[in-house]
Amino acid sequence: MFALVLLVAAYFVLRAVQRMAVRFFHSHVAPRPVEDILTVVAASIATGVSAQGMWRFSGDVLGFDGPLRLLLFAFIEVAVITSAVRARRNMRENFSAGIDGIAVWALTGLTAVLSSMDARSMAEAIFRLAAPLVAAWLWERGMAIERHRISGRSRINWRLTPERALVRIGLAEVSDRTASEVDAHRRLTRVALAAKRARALRESGASNRKMRVALAKLDRAMDRAVEHTGLAVDSVRQEALLSQIGALYNTSALIDLTPPVPWEPEPMRPAVAAGRSVIDDDDDEVQVLDGPPPVVDTAQRAALMRAAREYWDKQIERRFVPRATDIAHETGVSLATAREYRALWKLEPKAHALLEAAFHEHGIIDTGTFPAIETEQVLTVNGSSAR
């Protein structure tokens with residue numbers, strides 16, 4: 001009868017334990033991703049290894065025995081778990097682990113050092129040092145993933161990383177260019193810089209010896225570029241070289257630019273007397289309506305700037321350098337603002353290459369009046385082709 005009672009009691013106990021386990025699984029384990037469950041399991045194993053080391057330390061070093069040893073050996077592990085729970089609660093409420101997160105690492109390092117002091121060999125000491133640190137690292141990564149999932153924010157971006165170090169010393173590229181593209185770009189850049197150096201020496205009246213050295217460097221750079229980049233037959237590389245040379249030769253023009261202020265409101269049209277019409281520098285007549293000019297706010301000004309930029313890029317892709325009046329007419333910005341935009345954007349490589357081609361081939365100087373158009377290999381200016 002006693003054995004039957006024990007079996008019945010054991011049955012009910014096991015059924016209650018099973019129900020609790022199933023309830024716990026469905027409420028705490030099933031909703032979590034697999035990596036979180038594996039993190040908890042691995043951290044528990046590492047904490048058990050650390051606790052076993054503290055058991056030996058409390059007996060061999062501190063001399064604890066019996067119930068006292070059982071009660072006191074794992075006080076640091078309990079403190080680590082308590083700090084981890086508090087840190088997780090702080091993270092969920094304030095998106096930061098706070099001082100409890102620091103306490104987790106400090107207490108983990110303390111238990112790692114204490115448990116390794118009673119090791120019998122160097123290998124055992126390293127193992128007992130590593131186990132608590134592994135548990136702390138898994139906890140930290142789980143916290144970081146949950147923090148990002150709750151707040152939507154990532155952690156800080158370190159300024160010193162292996163990727164940035166490799167890019168800094170030239171062993172890696174920040175873009176997805178191939179090795180041949182990178183090599184071609186660097187060789188073309190050497191040619192452009194050598195040409196700029198030789199031109200600067202010639203304009204400064206340098207001695208013949210310096211000019212010979214500069215021209216020899218330019219000649220060597222050009223020879224290597226032609227040999228390794230196909231510069232003689234590749235029109236894309238030729239245009240890239242001309243763009244670099246054009247940008248380098250006109251660096252001084254940057255100091256004369258007056259770029260627009262994006263947050264300053266401005267009138268939609270030039271401010272003139274009511275009912276008058278004015279002639280701008282582009283020989284286009286701009287009709288101005290009666291009354292004071294309207295004033296645009298910051299958001300509208302930014303929208304006009306984006307529209308002007310989109311119109312400019314579209315025309316440049318068509319190999320057409322628009323005039324200031326074209327920009328003002330098509331986008332609605334004022335003529336003065338259009339002139340400022342054009343003066344800044346025409347120094348960019350593609351636009352500069354078109355203007356340089358018009359100047360070198362036909363002697364046309366850009367004054368803001370004559371846009372350059374290239375259609376079917378015929379360069380035309382204002383609709384009339386140069387024969």
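**Exercise 1. Helices H12 and H13**

Task: In this predicted model, determine the handedness with which H12 passes H13, and describe how the two helices pack.

Solution.
- Step 1. Handedness: H12 passes H13 in a right-handed crossing.
- Step 2. Geometry: the axes lie 8 Å apart, and the packing angle is about 120°.
- Step 3. Class: angles of 65 to 115 degrees count as roughly perpendicular and those over 145 as roughly antiparallel. H12 and H13 are therefore oblique to each other.
- Step 4. Residues: H12 brings Ala-324, Thr-325, Ile-327 and Ala-328. H13 answers with Leu-335, Ala-338, Arg-339 and Arg-342.
- Step 5. Chemistry: five nonpolar, one polar and two charged residues form the contact of H12 with H13.

**Exercise 2. The surroundings of H12**

Task: Decide whether H12 is largely enclosed or open, and say which of its residues are buried.

Solution.
- Step 1. List the buried residues of H12: Ala-324, Thr-325, Asp-326, Ile-327, Ala-328 and Thr-331.
- Step 2. Set them against the helix: six of the eight residues of H12 are buried, so the rest of the structure largely encloses this helix.
- Step 3. Look past the end: Gly-332 follows H12 and has a positive phi, near 90°.

**Exercise 3. The nonpolar cores**

Task: Find the largest nonpolar core and the elements that build it.

Solution.
- Step 1. Size: the largest nonpolar core holds 17 residues.
- Step 2. Centre: Trp-312, Ile-316, Val-321, Ile-327, Val-333 and Ala-338 have the most contacts inside this core.
- Step 3. Elements: two or more residues each come from helix H11 (298–317), helix H12 (324–331), helix H13 (335–345) and helix H14 (349–362).
- Step 4. Share: H11 gives the largest part, five residues.
- Step 5. Elsewhere: another core, of 12 residues, lies apart from this one, and includes Met-54, Phe-57, Ala-87 and Met-143.

**Exercise 4. A residue of H11**

Task: Place Gln-300 in its helix, and classify it as buried, partly exposed or exposed.

Solution.
- Step 1. Element: Gln-300 sits in helix H11.
- Step 2. Accessibility: the relative accessible area of Gln-300 is 36%.
- Step 3. Class: buried means under 20% and exposed means over 50%. Gln-300 is therefore partly exposed.
- Step 4. Spatial neighbour: Trp-263 is 37 residues from Gln-300 in sequence, and their C-alpha atoms are 9.9 Å apart.

**Exercise 5. Helices H8 and H9**

Task: Classify the packing of H8 on H9 from the crossing angle of their axes.

Solution.
- Step 1. Geometry: helix H8 (residues 179–203) and helix H9 (residues 208–229) have axes that come within 9 Å and cross at roughly 160°.
- Step 2. Class: that angle makes H8 roughly antiparallel to H9.
- Step 3. Handedness: the crossing of H8 past H9 is left-handed.
- Step 4. Residues: the H8 side includes Asp-183, Arg-187, Leu-188, Val-191 and Ala-195. The H9 side includes Met-211, Leu-215, Leu-218, Met-222 and Ala-225.
- Step 5. Chemistry: the contact of H8 with H9 has 14 nonpolar, two polar and seven charged residues.

**Exercise 6. Ala-225 in H9**

Task: Describe the setting of Ala-225. Is it buried or exposed?

Solution.
- Step 1. Element: Ala-225 belongs to helix H9.
- Step 2. Accessibility: Ala-225 counts as buried, because its relative accessibility is 0%.
- Step 3. Contacts: leaving out residues up to four places away in sequence, Ala-225 touches Arg-187, Leu-188, Val-191, Gly-230 and Leu-231.
- Step 4. Distance: His-185 lies 40 residues from Ala-225 along the chain, with 9.4 Å between their C-alpha atoms.

**Exercise 7. Helices H8 and H10**

Task: Describe the packing of H8 with H10 by angle, handedness and chemistry.

Solution.
- Step 1. Geometry: the axes of H8 and helix H10 (residues 235–249) come within 9 Å and cross at roughly 40°.
- Step 2. Class: angles under 35 degrees count as roughly parallel. The angle here makes H8 oblique to H10.
- Step 3. Handedness: H8 passes H10 in a right-handed crossing.
- Step 4. Residues: among those in contact are Ala-184, Leu-188, Ala-192 and Arg-199 of H8, and Arg-237, Leu-241, Ile-245 and Tyr-249 of H10.
- Step 5. Chemistry: 11 nonpolar, three polar and three charged residues make up the contact of H8 with H10.

**Exercise 8. The whole protein**

Task: Summarise the fold in counts of helices and strands, burial and contacts.

Solution.
- Step 1. Elements: the protein has 14 helices and five strands.
- Step 2. Burial: 30% of its 387 residues count as buried.
- Step 3. Contacts: of those with a separation of 6 or more, 59% join residues 24 or more positions apart.

Definitions and conventions. Residues are numbered from 1 along each chain as its sequence is written. This is a predicted model: local features need pLDDT of at least 70, side-chain atom pairs count only at pLDDT 80 or more; totals for chains, interfaces and linings use all residues. Side-chain values use heavy atoms; hydrogens and water are left out. Axes are lines fitted to C-alpha atoms, for helices over the stretch in contact, and angles run from 0 to 180 degrees between N-to-C directions. Helices (H or I, at least four residues) and strands (E, at least two) are DSSP runs, numbered from the N terminus. A crossing is left-handed if the near helix is turned anticlockwise from the far one by less than a right angle, and right-handed if clockwise. Contact means heavy atoms within 4.5 Å. Ala, Val, Leu, Ile, Met, Phe, Trp, Tyr, Cys and Pro count as nonpolar, Asp, Glu, Lys and Arg as charged, and the others, Gly among them, as polar. Buried means under 20% relative accessible area, exposed over 50%, partly exposed in between (1.4 Å probe, protein chains only). A nonpolar core is a set of buried Ala, Val, Leu, Ile, Met, Phe, Trp, Tyr and Cys residues joined through side-chain atoms within 4.5 Å.
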